[in-house]
Amino acid sequence: ISGVNVKDNLIKDFKGWGKDFGIQLDSNASNNLLLDGEVDSGSDADDYSLYLLDSGGNRVNTLRNVTLIRNITTFSGSADYIVDKQWYLDVFANYSNATNAVNANVTALQVNASFSFSALTATNGFIVQQNLTEYRENATTKTYFTNYTVNVSQTGFVTLQRPVNMTFNRIEYFTFANVAPTIPTLTAPT
């Protein structure tokens with residue numbers, strides 16, 4: 001992607017390859033979504049999957065479900081460039097008798113305990129697919145948002161919880177026990 005102020009583009013179902021750089025973004029490219037693709041480059045030490053050149057002003061570009069074969073990003077004269085790397089998360093909930101859990105509440109927290117999303121399961125047991133950020137990177141910092149903590153809850157059942165590593169697309173399955181847990185009654189000694 002090259003040119004002055006290239007922005008607001010959707011590039012989908014692609015395979016990017018170049019001898020030196022798989023993809024080069026320059027001249028203030030911003031708000032571009034690269035979706036469902038693969039990026040590769042040459043095998044020399046100075047070859048990069050993603051090369052960001054001459055940018056400023058917090059230009060954000062998103063790679064969603066994009067595999068960087070060499071997984072090397074270089075920022076050249078682009079101190080304010082931001083890249084968000086995202087993956088898809090699908091969550092399914094059911095009961096141990098194999099019926100779908102409808103209206104189960106699914107929430108996710110980022111690694112720093114910040115809220116990410118909340119969604120209810122539909123009649124098929126799935127939530128609407130979520131886009132979760134693996135990391136945000138600029139010229140000086142790479143901040144990871146994974147592992148996420150995913151919670152699935154429904155009235156009358158024990159809340160289910162697990163860490164989810166979002167370094168690739170995930171489908172997570174959660175199963176509630178059919179019977180609500182028994183809460184013991186404590187009686188003080190007489």
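This report walks through side-chain contacts and backbone details in a predicted model of one protein chain.

## Salt bridges

Let's start with charged side chains. Side chains of opposite charge can pair when their charged atoms come close. Searching the whole structure turns up 4 salt bridges. Three of them are set out here, each with its distance between N and O atoms.

| Pair | N to O distance |
|---|---|
| K15 and E38 | 3.1 Å |
| R136 and D84 | 2.6 Å |
| E172 and R170 | 2.7 Å |

Take K15 and E38, whose side chains meet in a salt bridge. K15 belongs to strand β2 (residues 15-18) and E38 to strand β4 (residues 33-41), so this pair ties together parts that are 23 residues apart in sequence. How open are the two partners? K15 is exposed, because its relative accessible area is 64% and the exposed class begins over 50%. E38 is partly exposed, with a relative accessible area of 27%.

Next come R136 and D84, which also form a salt bridge. This pair links distant parts of the chain: R136 is in strand β11 (residues 130-137), D84 is in strand β8 (residues 82-95), and they are 52 residues apart. Is D84 buried or exposed? With a relative accessible area of 8%, D84 is buried, while R136 is partly exposed at 35%. The cut-off helps here: buried means under 20% relative accessible area, so D84 falls in that class.

The third pair in the table joins E172 to R170. E172 is buried, with a relative accessible area of 5%, and R170 counts as partly exposed at 21%. There is another partner to look for too, as R162, R170 and E172 are linked in a network of salt bridges.

## Aromatic rings

Now turn to the rings. The whole structure holds 6 aromatic pairs. In one of them, the rings of F92 and Y173 have centres 5.9 Å apart and planes at 65°, so the pair is edge-to-face. F92 sits in strand β8 and Y173 in strand β15 (residues 170-176), so their contact ties together parts that are 81 residues apart in sequence. F92 counts as buried, with 13% relative accessibility.

Another pair, F157 and F176, is tilted, with 5.4 Å from centre to centre and 50° between the planes. F157 lies in the loop between β13 and β14 (160-164) and F176 in strand β15, so this pair ties together parts that are 19 residues apart in sequence. At 1% relative accessibility, F176 counts as buried.

Which residues do ring pairs link into a cluster with F92? They are F126 and Y173.

Charged side chains can be found over rings as well. The charged end of R162 sits over the ring of F174, 3.8 Å from its centre. You have already met R162 in the salt-bridge network with R170 and E172. In a second example, K142 lies over the face of Y135, at 4.3 Å from the ring centre.

## A hairpin and some backbone details

Strand β9 (residues 105-109) and strand β10 (residues 115-120) run antiparallel and are joined by 5 bridges. To see one of the partnerships, find N105, whose bridge partner in β10 is L120. The hairpin of β9 and β10 has 5 residues between the strands, and there A113 takes a positive phi near 75°.

Why might a student pause at such angles? Most residues other than glycine have a negative phi, and most peptide bonds are trans. With that in mind, look at N31, which has a positive phi near 55° and is not a glycine. N31 is found in the loop between β3 (21-26) and β4. D36 is a further example, with a positive phi of about 60° although it is not a glycine. The place of D36 is in strand β4, and D36 is partly exposed, with a relative accessible area of 21%.

Where is a cis peptide bond with omega near 5°? It runs from T146 to N147. N147 is found in the loop between β12 (142-144) and β13 (148-153).

Methods. Residues are numbered from 1 along each chain as its sequence is written. This is a predicted model: local features need pLDDT of at least 70, side-chain atom pairs count only at pLDDT 80 or more; totals for chains, interfaces and linings use all residues. Side-chain values use heavy atoms; hydrogens and water are left out. Helices (H or I, at least four residues) and strands (E, at least two) are DSSP runs, numbered from the N terminus. Buried means under 20% relative accessible area, exposed over 50%, partly exposed in between (1.4 Å probe, protein chains only). Two strands pair if DSSP finds at least two bridges between them. Rings of Phe, Tyr and Trp (its six-membered ring) pair if their centres lie within 6.5 Å; planes under 30 degrees apart count as stacked, over 60 as edge-to-face and the rest as tilted. A charge sits over a ring if NZ of Lys or CZ of Arg is within 6 Å of the ring centre and within 35 degrees of the ring normal.
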